[in-house]
Every structure is written in C-alpha cells, then in structure tokens.
Amino acid sequence: MKKDRQNYYFIVVNKTGGLQFFSQLKEQYREDQDKITTNQVLQASSIFYAIDHLTQTIIPDAIYKVEQDKDKDFERDNAIDLLITENYMVSTLKTLTGLRFLVISNKNLEVPKKHEDNIQKMRQIYRLYTDYFSKDPFQSDDQPLGEKKRAQFDRDVRELLDF
C-alpha cells in the first residue's frame, strides 16, 4: 500500500512565483525515469505559478465563489487545487500569504483520498514552515533558509510526507 501512495517531490513557490524550497522525496527511479534537476524544478514552479495566476484572473467571481477554509490559514479560491496527468498528480495548497505548496506524487485509483491526505500533510508542513521561516527575526520573506535550518526542515517534510 505504501508504494501506491508514493510522493516524489515537495515544492514551495513564494508569492512572486520564485522557488522557495524543494525536496526530492523519492531516491529510487525507474529505468525510464530521469532524475529531475534543480533547473527543471525552477522552470516547473514558475510555469505553475503563471498558470495558477492566470486561472485566478480569467474565471469570473460570479462563477466561482471564494470560500475560506475552516482553518482560516488557507484560501480556497479559483486557484489550481489538483492537477492530474497520465502518470502523476500534483496536489496544491495556497496560503493566505500567497505561498503555494505542491506535492507531486504517483497517480493511482484513490486520487480523491490521496489528494485529501496530501492537503492535510501540507497544512502540517505550513505550520512547520512558519516556525522555520516566519518566527526567525533574521529571516526575511522569500529568502532561502540557511543550510542547517534547511536540512532540519527537509527532514521534517520527509517525515510527514512519507506515509
């Protein structure tokens, strides 16, 4: 069962579309699957941000009513929530501060349940993120974490997403 629920990557895109954090969750690859490079992650995160931003501007508010999540830290609007391809699915979570959390995982038959699991995990990661990024007086917005904090945050993310 754990193999079917495999998460491959975790990405944080900041409010201006830049890559804030990236973690490769799966180390083993199939023979026909290449390892993703940092440049590809930068490209993918900026493309995702652009597409997500466009969807928010072209869908009329009358069609899609903005509703706040029960947690009040997250916003459910006309942003992309779930993206499904032939082999992968991308679960996304947008915070009220404009951060976008993305989990790229394999696609299986339990997409709705897996997506909700990923959303719950990303909510927990957001709370960790605020501890590492926002509560540090020497950390400014959109600035990468220092190496020591980054390694600890990466371990915490891997622990949460390895379910």
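**Reading helices, cores and ring pairs**

Author: Let's start with helix α3: its 15 residues reach 21 Å from the first C-alpha to the last, close to the 21 Å expected at 1.5 Å a residue. Keep in mind that this is a predicted model.

Reader: Fair enough. Which residues of α3 are buried?

Author: Take a residue as buried when its relative accessible area is under 20%. In α3 that gives Phe153, Asp154, Asp156, Val157, Leu160 and Leu161. Now look down the helix axis: those buried residues fall within an arc of 165°, so they line one face of α3.

Reader: And which residues are exposed on the other side of α3?

Author: Glu147, Lys148 and Glu159.

Reader: What do the buried residues of α3 pack against?

Author: They pack against strands β1, β2 and β7 and helix α2.

Reader: Let me try α1 the same way. How many residues does it have, and what does it reach from end to end?

Author: Helix α1 covers residues 38–58, which makes 21 residues, and it reaches 30 Å from first C-alpha to last, close to the 30 Å expected at 1.5 Å a residue. Its buried residues are Val41, Ser45, Phe48, Tyr49, Asp52, Thr55 and Gln56. Down the axis they fall within an arc of 130°, so here too one face of the helix is lined by them. The face turned away from that buried side carries the exposed residues Thr57 and Ile58. As for what covers the buried residues of α1, the list includes β1, β2, β6 (88–94) and β7.

Reader: An Asp in that list caught my eye. Why does Asp52 count as buried?

Author: Asp52 counts as buried because its relative accessible area is 1%, and the cut-off is under 20%. Asp52 sits in helix α1. Its C-alpha is 9.7 Å from that of Arg100, although the two are 48 residues apart in sequence.

Reader: Let's zoom out. What pattern does the chain follow along the sequence?

Author: The order is β-β-α-β-β-β-β-β-α-α, with three helices and seven strands. Of the chain's 163 residues, 44% count as buried. Counting contacts with a separation of 6 or more, 57% come from residues 24 or more positions apart.

Reader: How should I read a nonpolar core?

Author: In soluble globular proteins, nonpolar side chains tend to be buried together. In this structure the largest nonpolar core has 20 residues, and Phe10, Phe101, Ile125, Phe153 and Val157 touch the most other members. β1, β7, α2 and α3 (147–161) each supply at least two residues of this core, and α2 gives the most, with seven. Apart from it lies another core, of 12 residues, with Tyr9, Ile11, Tyr49 and Leu102 among them.

Reader: What is Phe10 in contact with, leaving aside its neighbours within four places in sequence?

Author: Its contacts are Phe21, Phe22, Ser23, Leu25, Phe101, Leu102, Val103, Met122, Ile125, Val157 and Leu161.

Reader: Plenty of Phe there. How do I read a pair of rings?

Author: A pair of aromatic rings is described by the distance of the centres and the angle of the planes. This structure holds nine aromatic pairs. Take Phe10 and Phe21: their ring centres are 6.1 Å apart and their planes at 55°, so the pair is tilted. The pair links distant parts of the chain, with Phe10 in strand β1 (residues 7–13) and Phe21 in strand β2 (residues 19–24), 11 residues apart. Both Phe10 and Phe21 are buried.

Now compare Phe101 and Tyr126, an edge-to-face pair with 5.8 Å from centre to centre and 80° between the planes. This pair also links distant parts of the chain: Phe101 is in strand β7 (residues 100–106) and Tyr126 in helix α2, 25 residues apart.

Reader: Are Phe101 and Tyr126 buried or exposed?

Author: Both are buried. Tyr126 counts as buried because its relative accessibility is 10%. Tyr126 and Leu99 are 27 residues apart in sequence, yet 9.3 Å separates their C-alpha atoms.

Reader: Which residues form one aromatic cluster?

Author: Phe10, Phe21, Phe101, Tyr126, Tyr129, Tyr132 and Phe153 do.

Note on methods:
Residues are numbered from 1 along each chain as its sequence is written. This is a predicted model: local features need pLDDT of at least 70, side-chain atom pairs count only at pLDDT 80 or more; totals for chains, interfaces and linings use all residues. Side-chain values use heavy atoms; hydrogens and water are left out. Buried means under 20% relative accessible area, exposed over 50%, partly exposed in between (1.4 Å probe, protein chains only). Rings of Phe, Tyr and Trp (its six-membered ring) pair if their centres lie within 6.5 Å; planes under 30 degrees apart count as stacked, over 60 as edge-to-face and the rest as tilted. Helices (H or I, at least four residues) and strands (E, at least two) are DSSP runs, numbered from the N terminus. A nonpolar core is a set of buried Ala, Val, Leu, Ile, Met, Phe, Trp, Tyr and Cys residues joined through side-chain atoms within 4.5 Å. Contact means heavy atoms within 4.5 Å. The expected span of a helix is 1.5 Å times one less than its number of residues. The arc is that of the directions from the helix axis to the C-beta atoms.
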